[in-house]
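Reader: I'd like a close look at one part of this protein: the second largest pocket. Could you walk me through what lines it, and then what surrounds it?

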Amino acid sequence: MLDQAKIADCWSQLKGIAVPDLRGLFEEDADRLPKHLVEESGLRFDFSKTHLWEASLVAFEELAAAVDFTGMRAAMFAGEVINTTEGRAVEHTAERGEGNAESVAAAREHQRRMRTLVDVIEAGALGEIRHILHVGIGGSALGPDLLVDALARDAGRYDVAIVSNVDGVAIEEAMARFDPHHTLLVVASKTFTTTETMLNAASAIEWMQEAGVEDPYGQVIALTASPDKAIEWGVDETRILGFSESVGGRYSLWSSIGFPAALALGWDGFEALLEGAAAMDRHFRHAPLRENAPVRAAFVDQFYSRVMLCQTRAVFAYDERLRLLPSYLQQLEMESNGKSVKADGTPTYGHTAAITWGGVGTDAQHAVFQLLHQGTHIVPVEFIAVTEAGDALDPAHHQTLLVNCFAQGAALMQGRENAADPARAYPGNRPSTTILLDALTPHALGALIAFYEHRTFTNGILMQINSFDQFGVELGKEIARSIEKDGARGFDPSTMALIERALG
Ligand SMILES: O=P(O)(O)OC[C@H]1O[C@](O)(CO)[C@@H](O)[C@@H]1O
């Protein structure tokens, strides 16, 4: 049983600590930078431009002890049922070889089948496959999409489209591009019941049938934790790649849900991704809290969200290959921690997940950075950049990209006074974190994504939230089903009028 009075005391203590000026923090402590840097797996996490200092770190360490952070972390890796509202263990790390032995062995067996299928497809056993049409949504799309877009854009192995939206415009675009005779249809759904995915999958089958593909179901691979449902739908058992129920949707890119990435990258690339994540798992498990990147990042998140009452956090990838990272993080962070009750069902203290938003640099500089520099909201910013260029053009491109990234962090902190012309003054003292990757390899991206997963989990623990359920998405789905079934009956006048006007 946690001591709630002690936890409340920790929060009061955190709120009572003076918030120093960022510029002053550097002036007062010549060693500030090394004290607020963590290096792991070719990733450098620079937390020095945030307002945390010795007193706040000590207070967060006390909070971590009060909420039994180490106990919760050990329970996750041991495969205990920490997703209590759904009665499940949380075992995405087993996919990377870190977890209880039985779950790791089960994950390895799933991976063995996945690898075989990658080889079989490469060998042409399913015909000449040129295109991969992956249909899935949420965690069954965002992760694979990020991986393929970041790592396989030049791999040239297959042309991959990840289609999620139920709006037919989305799948039509892929259909226009692909030849149905040479397309592998990958249906990704943990539950194999999600409306959007099942509708898109059915339309893809129709598209193949209309084009005269003899056996469209012979070109289907199902990625799911519900194999019975996939069989019922028409997929042959040999082409179903399973994964465990204890791997959550938004944590599932390491499992068979990552299949299109394994195809596009090749198995070695996919394995390197898993190894990078495993390296971050070990770091998260064993590094002391002060030197632990996901933990330090969660301290920063909690500080801005609950102490400074910032409602959002912004993530800017200064690398075109990571342009999908902000949307991936939106699901990971907001679906995990956007809750109002603690794991025990009682109301939470203060804000929970910040609203994650962002974009790519340098584009965002010419759009939203005005608000970051001079607006009234304080937004903790996260910059992600990569030392090694992703392009082969004039090095000026990459140099300009990096220079701009670092300049923005400096400008946010430094500010500039201008008493004579307030419109041109910058308050400064605005926080940012910078994550710098040596190179965007599968290993490094695996480590980066695992870092975000563990940071999200740590945030959940510090807030005493169960980060692994998502009941908030259910009500809207239920109402949609009821409208489909019964039409505009029994709703408020606004909803009924909309239904009648648009749907008749
Ligand atoms: O993989 P499935 O079962 O189709 O679910 C897709 C997504 O839907 C959600 O359940 C939310 O509606 C996500 O958590 C999940 O990633």
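Author: Sure, and keep in mind that this is a predicted model. The second largest pocket has a volume of about 460 Å³. Its lining is made up of 22 residues, and those closest to the centre are Leu 2, Met 72, Ala 343, Asp 344 and Gln 464. If you'd like to find the pocket by elements instead, go to helix 5 (69-78) and helix 17 (442-463), the ones that give two or more residues to its lining. Helix 17 has the largest share, with 3 residues. As for chemistry, you get 12 nonpolar, 6 polar and 4 charged residues in that lining.

Now stay with helix 5 for a moment, since it also packs against another helix. Its partner is helix 12 (residues 267-286): the two axes come within 10 Å and cross at roughly 145 degrees. On the helix 5 side, the residues that meet the partner are Phe 69, Arg 73 and Phe 77, while helix 12 brings Asp 281, Phe 284 and Arg 285. That contact splits into 3 nonpolar and 3 charged residues, with no polar ones.

For contrast, here's the largest pocket. It holds about 1,100 Å³ of space and has 40 lining residues, with Thr 191, Thr 194, Val 473, Glu 474 and Lys 477 nearest its centre. Three helices each supply at least two residues of this lining: helix 9 (195-210), helix 14 (325-337) and helix 18 (474-486). Helix 18 gives the largest share, 5 residues. The lining here divides into 17 polar, 12 nonpolar and 11 charged residues. So much for the pockets.

Last, there's the sheet. Six strands form it, an open sheet with mixed pairing, and the order is 1-2-11-10-8-9. Strand 1 (37-40) and strand 9 (355-360) sit at the edges, each pairing on one side only. Going from one strand to the next, the twist averages 15 degrees. Further in, strand 8 (residues 312-318) runs parallel to strand 10 (residues 381-386), and the two pair over 5 bridges. To pick out one of these on your screen, look for Val 315, whose bridge partner in strand 10 is Glu 382. Helix 16 (residues 396-414) packs on this sheet, where it touches strand 8, strand 10 and strand 11 (432-437), and its direction makes about 155 degrees with that of strand 10.

Notes. Residues are numbered from 1 along each chain as its sequence is written. This is a predicted model: local features need pLDDT of at least 70, side-chain atom pairs count only at pLDDT 80 or more; totals for chains, interfaces and linings use all residues. Side-chain values use heavy atoms; hydrogens and water are left out. On a 1 Å grid over the protein atoms alone, a cavity is a set of points where a 1.4 Å probe fits but cannot get out, and a pocket is an open set with protein on both sides within 12 Å along at least five of seven lines; lining residues have an atom within 4 Å of a point. Grid points are joined across faces, edges and corners, and a volume is the space filled by probe spheres set on the points. Helices (H or I, at least four residues) and strands (E, at least two) are DSSP runs, numbered from the N terminus. Ala, Val, Leu, Ile, Met, Phe, Trp, Tyr, Cys and Pro count as nonpolar, Asp, Glu, Lys and Arg as charged, and the others, Gly among them, as polar. Axes are lines fitted to C-alpha atoms, for helices over the stretch in contact, and angles run from 0 to 180 degrees between N-to-C directions. Contact means heavy atoms within 4.5 Å. Two strands pair if DSSP finds at least two bridges between them.
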